[in-house]
Amino acid sequence: MSTADDQSVGMDYLESFPRKFLRVYLPLGLIIFFLLFPFYWMAVATFKPDAEMYDYEKYNPFWILHPTLEHIKKLFFDTDYPLWMWNTVIVSVSSTFISLFASVCAAYAIERLRYKGSRYVGLAIFLGYLVPPSILFIPLAAIVFQLGLFDGNLALILTYPTFLIPFCTWLLMGYFRTIPYELEECALIDGATRLQILIKITLPLSLPGVISAGIFAFTLSWNEFIYALTFISSSENKTIPVGAITELVNGDVYHWGALMAAALTGSVPVVILYSFFVEYYVSAMTGAVKE
Amino acid sequence: MAVMAESGVAQVKRASLWTRAFESRNFLGAMFMVPAITILILFLAYPLALGFWLGMTDTKIGGAGRYIGFQNFVSLAKDSVFWLSVFNTIFYTVTASIVKFAIGLYLALLLNERLPMKSMIRAIVLLPFVVPTVLSAIAFWWIYDSQFSIISWVLIKAGLITRYIDFLGDPWNARWSVVAANIWRGVPFVAITLLAGLQTISPSLYEAANLDGATNMQRFRHITLPMLSPIIAVVMTFSVLMTFTDFQLIYTITRGGPINSTHLMATLSFQRAITGGNLGEGAAISNAMIPFLVAAILLSFFGLQRSRWQQGGRD
């Protein structure tokens, strides 16, 4: 926003390269550098032997001289990490599917059946999205304990939908709104039931919305921490974030290499999924906010 | 919910045919709502109410509590650690949100320029938001390490400092460190959402302003900001809510230390309720967050109403 380039207003294609470099590329490059640096640092620590990691005098910290897989090996074979990974996958996939199912039904009913009071229910569900997990985890812990779900995957599978359903429902309501009513009316006249309409007409047409919601729900549940920290106690039932924080630190001894390896390998699945569906992800993120 | 199901049934009174019932919008609507509403009532609405109740009891983990009225709040009011956590939470939220907004808006404006590989850059920018917070916080933990911090190393090599900075050992250093990590994580969300908002502004507005001889600054001030203000209000409400109730970053990087100087209300309530076993007291602390959250939501809601009204009251 410098005032020096006032003259080039609206004709930025005429802007000389050095000027555009200073005004756009340089700041953009700097910001991207800061946004990516922690990932680079994570990767460096993952593949660096301990000898290099703790000696900044002899070795340049930015570089790896003798890359090693020892940290990853330690993580996979000496800890419960594979179990944490498995738990995280099971919990994320199940809670995503439960949430998608419940949200598709709810969004269809609110947006298309327009039953009595549907607008208020829609609003109430949106307000549910604003209730943060850090307020709910204490009473939820009491409930989880009473239901006998403590220290099991089911505790997480059943509680994650509380923050996924409001988001997915709100997003899908927006998508369903874009499908013309006439299509459904025609089908109704032809004698289709509501369920058939939902499955054969509305859902296929709103597939991008369902995918967006699914990807977002999956990354949100992969990311979840406070419920998993509270409801799970034994090592073999933990998820990756909780396991990494609680099991890889022995008193004052931090296994930095293994910690970084856990951080890196725990991030990779979401990043891969995200990179395949980045457009859906972005539209879900902005769509939910713009409503 | 149950009431709605009944009224749906009541409308097809005595028709006693399932087909009639399934043609009624109200009955069908209620049926479709069953899965979502069951989960939300059982695990969202009920716990919310239970949380209010727990906050007024002396419940310990593994034992039934009894009603003690506002005693938890009375003892919290005299608890200096609680007030420190309130201060920390407000400091954390205000500083992080302001910087996130400033950098986020700047980044959105930069991304809105004519750029090569635009969609790839956008995808990269969003990465900190996608990667699980705890896992990226572990990276920050290592970046802030007292002996092996890369920041200290670079600054020493550059001759700017002489001793390693104790990022997480000193109260104010620790506060700024967690704020920086929060900004890092939050900027992409603000930037990408504001970028989506920027792209909805019609270029013809800028062309018209150009013809009238408006400067860059004037165009930003009189077109971009007003057109963007509704989405700014929404994004910042979300951002403030997420920052205010943050738990993961603090728990991972400092666990509230040193000497409680980074405890947020959320981490303090976890410590008292789960680690300390006083569910009632922990619930009271998280309940104390609610007025702030409601205020933030109302503020942006009425802010939006006002800007709509100023723009000619459409909608």
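**Chat notes on a predicted two-chain model**

Q: Is Asn260(B) buried, exposed or partly exposed?
A: Asn260(B) is partly exposed, at 25% relative accessible area. Keep in mind that this is a predicted model.

Q: Where in chain B is Asn260(B) found?
A: Asn260(B) sits in a loop of chain B. That loop runs between α13 (248-253) and α14 (265-275).

Q: What about phi of Asn260(B), positive or negative?
A: Positive, near 60°, and Asn260(B) is not a glycine.

Q: Switch to Arg114(A). What is phi there?
A: Phi of Arg114(A) is near 45°. That is again a positive value in a residue other than glycine.

Q: And where does Arg114(A) lie?
A: Arg114(A) is in the loop of chain A that links α4 (81-113) and α5 (118-129). With 42% relative accessibility, Arg114(A) counts as partly exposed.

Q: Zoom out to chain B. How many helices and strands?
A: Chain B has 16 helices and zero strands.

Q: How much of chain B counts as buried?
A: 54% of its 315 residues.

Q: What share of the contacts in chain B comes from residues 24 or more positions apart?
A: 65%, taken over contacts with a separation of 6 or more.

Q: Pick out Thr243(B). Which helix is it in?
A: Thr243(B) belongs to helix α12 of chain B, residues 216-244. At 1% relative accessibility, Thr243(B) is buried.

Q: What does Thr243(B) touch?
A: Leaving aside residues up to four places away in sequence, Thr243(B) touches Tyr92(B), Thr93(B), Ala96(B), Ser97(B), Lys100(B), Asn182(B) and Leu264(B).

Q: Which side chain joins Thr243(B) in a polar contact?
A: That of Lys100(B), at 2.8 Å.

Q: On to the interface. How many residues does each chain give to the contact?
A: Chain A gives 103 residues and chain B gives 99.

Q: What area is buried between chain A and chain B?
A: About 9,000 Å². Carbon and sulfur atoms give 79% of that area.

Q: How many salt bridges cross the interface of chain A and chain B?
A: Two. In one salt bridge, the side chain of Arg122(B) meets that of Glu279(A), with N to O at 2.9 Å.

Q: And how many residue pairs are in polar contact across it?
A: Nine, with both residues at pLDDT 80 or more. On the side of chain A that touches chain B, helix α1 (residues 17-47) gives the most, with 17 residues.

Q: New topic, cysteines. How many disulfides over all chains?
A: Zero.

Q: Why is Cys105(A) not bonded to Cys168(A)?
A: Because the two sulfurs are 13 Å apart, too far for a bond. The cut-off is 2.5 Å. The sulfur of Cys168(A) is the closest cysteine sulfur to that of Cys105(A). Cys168(A) is in no disulfide either, and its nearest cysteine sulfur is that of Cys105(A).

Q: Is Cys105(A) buried or exposed?
A: Buried, at 11% relative accessibility. Cys168(A) is also buried, at 0%.

Q: Last one. Which residues of chain A does UniProt list under "transmembrane region"?
A: The unreviewed UniProt entry gives residues 21-43, 84-109, 121-148, 154-176, 197-220 and 256-282.

Q: How much helix is in residues 121-148 of chain A?
A: That span is 82% helix and 0% strand, with its end C-alpha atoms 30 Å apart.

Q: And residues 256-282 of chain A?
A: 96% helix, 0% strand. The end C-alpha atoms there are 33 Å apart.

Terms used: Residues are numbered from 1 along each chain as its sequence is written. Chains are lettered from A and ligands numbered from 1 in the order in which they are written. This is a predicted model: local features need pLDDT of at least 70, side-chain atom pairs count only at pLDDT 80 or more; totals for chains, interfaces and linings use all residues. Side-chain values use heavy atoms; hydrogens and water are left out. Buried means under 20% relative accessible area, exposed over 50%, partly exposed in between (1.4 Å probe, protein chains only). UniProt positions are given in the numbering used here, feature names are shortened, and annotations may be inferred rather than shown by experiment. Helices (H or I, at least four residues) and strands (E, at least two) are DSSP runs, numbered from the N terminus. Contact means heavy atoms within 4.5 Å. Buried area is the accessible area (1.4 Å probe) that two parts lose on being put together, summed over both. A salt bridge is a side-chain nitrogen of Lys or Arg within 4 Å of a carboxyl oxygen of Asp or Glu. A polar contact is a pair of N or O atoms within 3.5 Å; within protein, one must be able to donate a hydrogen and the other to accept it, and residues adjacent in sequence count only if both atoms are side-chain atoms.
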